[in-house]
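Colleague: I've got this model open on my screen and I'd like a close look at one part of it. Could you pick a spot, talk me through it, and then work outwards from there?

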Amino acid sequence: MGKVIVVTSGKGGVGKTTSTAALGAALARGGQHVVVVDFDVGLRNLDLVMGAERRVVFDLTNVVQGTVKLSQALLLDERLGTLYLLPASRTRGKEALTEDGVARVISELRDQFDWVICDSPAGIERGAILAMRFADEAVVVVNPEVSSVRDSSRILGLLDFKPLKAETGGRLDRHLLITRFDPARVACGEMLSVDDIREVLPVPLLGIIPESEDVLRASNLGAPITVCGRESAVSRAYVDAARRINGEWVEMTVPCENKSLLTKLLGRRAA
Amino acid sequence: MNHFIQTPTGSAPVARARLQSLLEYDRSLISHADLLSVLREEIFALVGRHAGIDANKVHFMVVRGSTTATLTVDIEIPFRVRPTGPVCV
């Protein structure tokens with residue numbers, strides 16, 4: 001039976017969707033069966049990041065309401081062969097997703113896949129709570145920035161009692177994924193460091209994803225970064241994070257500054 | 001020529017300090033709100049077991065002092081007391 005992971009953050013724009021696609025693809029690259037589920041009803045974007053937007057016919061809401069079978073809504077990523085997408089509805093409101101319906105769909109996905117990765121909407125409202133409701137593990141995505149850290153702290157609080165697993169006496173495995181990390185700015189004291197963030201959010205670290213133009217390039221192309229930019233530092237960081245989710249021990253390296261002599265002499269980045 | 005000698009005088013330490021005090025405040029507020037909702041549910045259930053009360057006619061108020069808080073509960077109980085039995089809350 002598969003494991004359900006929610007990728008959440010509270011704040012929007014921190015990289016939940018990018019991370020969902022990248023982690024899903026990285027796990028699938030290892031031959032495991034993975035489904036990424038878009039819970040962002042009304043503002044779906046996971047299909048775009050995965051390059052599947054033109055193939056979407058049915059969505060999560062249709063399956064939850066029982067209008068179509070799960071197999072009719074699942075989209076295969078042919079680049080990998082073991083990665084599937086269950087898109088969100090772009091038109092129907094969040095009210096269309098009932099808790100019982102979501103429970104049934106998640107349990108069906110659990111039976112079919114090794115990993116069910118749920119891309120949560122931003123916020124702490126119903127949609128975000130529903131995305132974490134049936135999770136076994138949570139990946140909290142955070143940027144080294146005050147509002148993101150504060151919102152992640154709030155989300156960690158909700159993860160203590162909102163998921164069914166927590167309600168029934170269990171405890172979710174929670175992981176922290178730091179994204180958009182800029183070592184140069186940390187080095188000159190302009191950005192919160194990994195230690196600063198961990199001090200406030202005391203959760204095991206899953207990975208540190210460096211800030212990179214490669215992320216935008218991947219989303220422009222419609223492919224998870226771990227598929228189209230395999231050699232990039234971002235891709236390697238996501239692959240390491242996926243291996244940690246998989247239970248492997250992988251050494252954690254904090255991305256370091258890679259300054260040229262010129263920028264070193266100038267002492268600052270040509271931003 | 002301070003371009004050549006870089007000192008860590010960035011804004012990150014300010015961010016760190018602001019976050020720490022902010023989160024301390026957030027957490028105290030949240031635990032307080034959680035306690036109040038638990039008290040509300042349990043008191044409502046307790047009184048409801050003995051009297052048919054209307055959820056709209058139950059008022060909870062907390063006045064916070066510097067070291068303690070005062071909880072005031074105002075429940076309207078109708079004269080026709082409902083016989084005891086399970087009550088949905």
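Modeller: Let's start at Arg180(A), which counts as buried because there are 20 C-beta neighbours inside 10 Å, and 20 is the number from which a residue is called buried. Bear in mind that this is a predicted model. Arg180(A) sits in strand β7 of chain A, which covers residues 173-181. Look at the backbone too: phi of Arg180(A) is near 55°, a positive value in a residue other than glycine.

Now step along to Phe181(A), because it leads us to a proline. Leaving out residues up to four places away in sequence, Pro255(A) touches Phe181(A), Pro183(A), Ile208(A), Pro210(A) and Ala233(A). Pro255(A) belongs to the loop between α13 and α14 (261-266) of chain A. Although it is a loop residue, Pro255(A) counts as buried, with 20 C-beta neighbours inside 10 Å. If you want a distance to check on screen, the C-alpha atoms of Pro255(A) and Val234(A) are separated by 9.9 Å, with the two positions 21 residues apart along the chain.

Is Val254(A), in that loop between α13 and α14 of chain A, buried or exposed? Neither, quite: Val254(A) has 14 other C-beta atoms within 10 Å, so it is partly exposed. Apart from neighbours within four places in sequence, Val254(A) is in contact with Val194(A) and Ile208(A). Ile208(A) is also on the list for Pro255(A). For a long view across chain A, try Val254(A) to Val63(A): they are 191 residues apart along the chain, and their C-alpha atoms are separated by 41 Å.

Back to strand β7, this time by way of Leu176(A) and Ile178(A). Both are touched by Val142(A), and so are Ser9(A), Val14(A), Ser148(A), Val149(A), Ser152(A), Ile197(A) and Leu201(A), not counting residues up to four places away in sequence. You'll find Val142(A) in strand β6 of chain A, residues 137-142. With 29 C-beta neighbours inside 10 Å, Val142(A) counts as buried. Val57(A), on the other hand, is 32 Å from Val142(A), C-alpha to C-alpha, at a sequence separation of 85 residues.

Among the partners of Val142(A) are Ser148(A), Val149(A) and Ser152(A), and helix α7 of chain A runs over residues 146-159. Val146(A) lies in that helix, and it is partly exposed, given its 18 other C-beta atoms within 10 Å. Which residues does Val146(A) contact, setting aside neighbours within four places in sequence? They are Ala15(B), Arg18(B) and Leu19(B), so follow them into chain B. Within chain A, the C-alpha atoms of Val146(A) and Leu192(A) are separated by 8.3 Å, at 46 residues apart along the chain.

Since we've landed in chain B, here's a quick sketch of it. Its secondary structure comes to one helix and two strands, in the order α-β-β from the N terminus on. Buried residues make up 1% of its 89 residues. Of the contacts in chain B with a separation of 6 or more, 50% are between residues 24 or more positions apart.

Back in chain A, let's look at the helices, beginning with α11, residues 213-221. Val215(A), Ala218(A) and Ser219(A) are buried in α11(A). Looking down the axis of α11(A), these buried residues fall within an arc of 95°, so they line one face of the helix. That pattern fits a general rule: an α-helix has 3.6 residues a turn, so residues three or four places apart point the same way. Glu213(A), Leu216(A) and Asn220(A) are exposed, on the face of α11(A) turned away from its buried side. The buried residues pack against α1, α2 (46-49), α12 (225-228) and α13 of chain A. After α11(A) comes Gly222(A), with a positive phi near 75°.

Two of those partners also pack on each other. Helix α1 (residues 16-29) and helix α13 (residues 233-245) of chain A meet at an angle of about 70°, with their axes 9 Å apart. That angle makes α1(A) roughly perpendicular to α13(A), and their crossing is right-handed. On the α1(A) side the contact is made by Ala22(A), Leu23(A), Ala26(A) and Leu27(A), and on the α13(A) side by Tyr238(A), Val239(A), Ala241(A), Ala242(A) and Ile245(A). By class, that contact has nine nonpolar residues, no polar and no charged ones.

Conventions:
Residues numbered from 1 in each chain as written. Chains lettered and ligands numbered in written order. Predicted model: local features only at pLDDT ≥ 70, side-chain atom pairs only at ≥ 80, totals over all residues. Axes fitted to C-alpha atoms, helices over the stretch in contact; angles between N-to-C directions. Helix = DSSP H or I, 4+ residues; strand = E, 2+ residues; numbered from the N terminus. Parallel < 35°, antiparallel > 145°, perpendicular 65-115°, else oblique. Left-handed = near helix turned anticlockwise from the far one by under 90°. Contact = placed C-beta atoms within 7 Å. Nonpolar A, V, L, I, M, F, W, Y, C, P; charged D, E, K, R; others polar. Buried ≥ 20, exposed ≤ 12 C-beta atoms within 10 Å, placed from the backbone. Arc of directions from axis to C-beta.
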